Amino acid sequence: DPSAAEELQASYDLRIGEDRFRIDVSGGRIELARGNADQSNATIDTDLGALSAVIWGGRSLADAQRAGEMRIEGDEAAVERLVGLFPMPEPAAAAAAG
């Protein structure tokens, strides 16, 4: 959701198993690339299932962390804002509600 990203300026390191990704959010744009951020606001270490559950399944970051399925180092508030940038697409949201 680019409009939700307009006020956010942050960089993240995302670790999914052995894979490393850099996420940069600035000026309403979200850029994702392989590798590490030069200076990240937060590092997220998780697996795809936990990440999907937090982004689209309504699971809280705190719950994923308590379960040991996600570790966050750095600015947790910035991570909360990041996961809020990915709303469920309308057709999928309607199907999930029905």
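Reader: Which residues are buried in H4?
Author: This is a predicted model. Buried here means under 20% relative accessible area. In H4, the residues that meet this are Ala-78, Val-79, Leu-82 and Val-83.

Reader: Why do the buried residues of H4 line one face of the helix?
Author: Look down the axis of H4. The buried residues line one face because they fall within an arc of 135°.

Reader: What do the buried residues of H4 pack against?
Author: Both strands and helices are involved. The strands are S1, S2 (19–26), S4 and S5. The helices are H2 and H3.

Reader: Which residue caps the N-terminal end of H4?
Author: Start from the backbone nitrogen of Ala-77. A side-chain oxygen lies 3.1 Å from it. That oxygen belongs to the capping residue, Asp-75.

Reader: Which residues of helix H2 are buried, and how wide an arc do they cover?
Author: H2 spans residues 48–55. Its buried residues are Ala-50, Leu-51, Val-54 and Ile-55. They sit on the same side of H2, because around the axis they cover an arc of only 125°.

Reader: What is the order of the strands in the open sheet?
Author: The sheet has five strands, with mixed pairing. S3 (29–34) and S5 stand at the edges. Each has a single partner strand, so one side of each is left without a neighbour in the sheet. The order is S3-S2-S1-S4-S5.

Reader: Which residue in S4 is the bridge partner of Tyr-12?
Author: S1 and S4 run parallel. Five bridges join them. In S4, the partner of Tyr-12 is Ala-42.

Definitions and conventions
Residues numbered from 1 in each chain as written. Predicted model: local features only at pLDDT ≥ 70, side-chain atom pairs only at ≥ 80, totals over all residues. Heavy atoms only, no water. Buried < 20%, exposed > 50% of the residue type's maximum accessible area, 1.4 Å probe, protein only. Helix = DSSP H or I, 4+ residues; strand = E, 2+ residues; numbered from the N terminus. Arc of directions from axis to C-beta. Pairing = 2+ DSSP bridges. Contact = heavy atoms within 4.5 Å. Polar contact = N/O pair within 3.5 Å; in protein donor to acceptor, adjacent residues only side chain to side chain.
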